[in-house]
Amino acid sequence: MSLLGALDMLLQGVLTGGLYALFAIGLSLMFGVMRLVNIAHGDVIVLGAFLGIAVSAGAGVGLLPVFLLVVPAMFALGYVLQRGVLNATLGRGILPPLLVSFGVSIMIENILLELFSADARSLKAGGLETQSISLGAGLAVGLLPMLTFSAALLCTVALEYLFRRTPLGRAFRAASDDLEAVQLQGIDHRKVFALATAVAFAVVAVAGICLALRTTVTPSDGPGYLLYSFEAVIIGGLGSFWGTFIGALILGVAQAAGFHWDPGWGVLVGHLAFLSVLLVRPRGLFPRTRD
Amino acid sequence: MLLSTRHLEAFYGDFQALFGIDFEIDPGEVVAIIGANGAGKSTFLKALSGLLKAPRDRIWFDGRAIGGMPACEIARLGISMVPEGRRLFPSLSVRENLSIGTHSGRRGPWTPERVLGLFPVLRELLSLPGNAISGGQQQMVAIGRALLANPRLLICDEISLGLAPVAVKGLYDTLPAMLAEGMTLIIVEQDVGLAQRVTQRLYCFQEGRVSLQGRSGELSRSAISRAYFGV
């Protein structure tokens with residue numbers, strides 16, 4: 001492989017990793033605060049994508065209004081789902097949240113199939129999908145992947161700020177540390193958890209819209225995206241947003257390398273990279289949580 | 001009367017841990033609860049603070065039935081607890097551990113500056129993680145965190161447990177400053193002599209029941225021993 005080819009592969013991998021980071025940040029947030037493994041995470045990404053497609057097609061609005069409508073709607077959905085359903089499963093062992101979120105996953109997929117059929121769909125953005133920026137020396141990057149990567153970076157920085165510098169972030173971390181002690185401080189952990197899921201769903205909405213802009217989606221794509229999200233979170237280390245971001249980039253680069261070697265091997269090489277990290281660093285590269 | 005319980009019972013699943021506890025404390029009073037391990041002291045405090053479910057009309061605070069209320073709502077009403085083992089938040093700095101006490105939203109005389117005046121040694125430690133300081137310093141943070149909620153009733157569960165005598169003395173030396181603000185205090189203490197010295201009344205628990213109660217200075221050592229050990 002030429003140096004230019006290697007550089008191009010690295011660049012495309014990093015940009016794909018930006019999308020995976022958007023997928024994974026919400027999962028990392030929910031696990032970090034509640035120790036909740038949301039099996040429905042991939043389907044929530046697909047739900048965000050279809051909401052974007054529906055709003056765009058139904059209201060005939062541009063990309064910005066799609067974000068402005070879908071992100072708050074997903075925030076509200078996350079709050080209601082956590083407050084009304086998922087909170088009741090916490091503190092009862094590992095199985096109830098897994099089973100209930102699995103049920104939510106099946107519900108989302110079937111509702112989407114009922115409403116949109118099994119056809120693959122995508123979101124049109126007036127040519128944004130095909131625009132690119134030339135970097136010289138024969139290298140070019142797509143504008144949309146660049147914007148997606150920037151969104152992932154922005155979300156990571158914003159969540160780090162929220163967690164480290166705000167009273168809500170302090171409550172998130174305290175609830176994650178000691179659920180009983182946090183209640184003794186007058187903090188309603190049910191509300192804190194609902195806000196954590198709401199924020200996670202808002203980020204997932206951004207991920208879903210970026211996904212629908214980049215490729216086609218079908219209602220049954222969720223499990224695949226859940227797997228990528230898991231891999232990025234675990235490579236990076238549980239509970240660390242920057243770890244998740246880096247983990248997603250590693251996954252993206254590994255897949256790009258695999259695709260470069262053989263178009264049929266990209267996804268597999270990503271899985272192998274994940275397994276390699278798991279073998280060498282079972283807690284991931286930058287773990288923050290203690291369990 | 002600020003807080004009372006009437007025939008309070010508490011359970012862990014099918015296991016009954018408290019059997020009809022009657023307890024009272026008046027505003028501004030300092031009351032000790034003593035008893036051997038497993039006597040039900042911590043269970044009683046958990047029921048008072050809302051961490052353990054209790055029937056609504058068995059616990060009254062300031063004329064209001066609070067049994068079974070969520071712990072966060074009880075904290076907002078003005079009951080703060082310094083839990084056994086301090087239970088600081090390890091991912092929060094000392095400064096953040098203190099300031100999280102203000103989440104209850106209650107206003108009053110205790111401000112971060114005032115708490116740091118009470119425990120000046122904490123000024124140098126504010127940026128350290130909550131679990132990176134000594135046990136005595138952690139206890140100061142736990143008390144400071146509870147004070148910043150500006151409670152009407154402060155409950156301290158075994159604050160001297162595992163601490164050096166000099167650290168325990170330092171903590172108890174801060175009591176007058178807390179009481180000067182009219183605070184009401186429940187102290188669970190293993191050191192019976194210390195409990196008798198710093199409190200006005202004393203309850204002794206044994207196997208989930210009140211085995212003795214009275215004015216701290218008037219109870220004899222032999223009566224306390226009988227109530228404590230049941231022999």
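**A sheet in chain B and a helix in chain A**

I'll start in chain B, where strand β3, residues 30–35, pairs in the parallel sense with strand β9, residues 201–206, over 5 bridges. Before going on, note that this is a predicted model. Two pairs of residues show how these strands line up. B:Ile34 stands opposite B:Cys204 in β9(B), and B:Gly35 has B:Phe205 as its bridge partner.

On to β10, residues 209–215 of chain B. β9(B) and β10(B) run antiparallel and are joined by 6 bridges. Here B:Phe205 stands opposite B:Val210. The two strands form a hairpin with 2 residues between them, and B:Glu207 in the turn has a positive phi of about 50°.

Now the sheet as a whole. In what order do the strands of the open sheet run? The order is β6-β7-β8-β3-β9-β10 in chain B, which makes 6 strands, and the pairing is mixed. At the edges are β6, residues 79–82, and β10, each of which pairs on one side only. Direction ignored, neighbouring strands of the sheet are turned by 15° against each other on average.

Two helices of chain B pack on this sheet. Helix α1, residues 41–49, touches β3, β6, β7, β8 and β9, and its direction makes about 150° with that of β7(B). Helix α9, residues 221–229, touches β3, β9 and β10, with its direction at about 35° to that of β9(B).

Back to the edge strand β6(B). It pairs with β7(B) in the parallel sense over 4 bridges, and B:Ser80 stands opposite B:Leu154 in β7(B). Which way do the residues of β6(B) point? B:Ile79 and B:Met81 point one way, B:Ser80 and B:Val82 the other, and all four are buried.

Last, a helix in chain A: α3, residues 63–84. How far should its 22 residues span? At 1.5 Å a residue, the expected span is 32 Å; the end C-alpha atoms are 31 Å apart, so the two agree. The buried residues of α3(A) include A:Val66, A:Val70, A:Met74, A:Leu77 and A:Leu81. An α-helix has 3.6 residues a turn, so residues three or four places apart point the same way. Also buried in α3(A) are A:Val71, A:Phe75, A:Gly78, A:Tyr79 and A:Gln82. Among the elements that cover the buried residues of α3(A) are α2, residues 41–59, and α8, residues 189–214, of chain A.

Notes
Residues are numbered from 1 along each chain as its sequence is written. Chains are lettered from A and ligands numbered from 1 in the order in which they are written. This is a predicted model: local features need pLDDT of at least 70, side-chain atom pairs count only at pLDDT 80 or more; totals for chains, interfaces and linings use all residues. Two strands pair if DSSP finds at least two bridges between them. Axes are lines fitted to C-alpha atoms, for helices over the stretch in contact, and angles run from 0 to 180 degrees between N-to-C directions. Two residues are in contact if their C-beta atoms, placed from the backbone, lie within 7 Å. The expected span of a helix is 1.5 Å times one less than its number of residues. A residue is buried if 20 or more other C-beta atoms lie within 10 Å of its own, exposed if 12 or fewer, and partly exposed in between; C-beta atoms are placed from the backbone.
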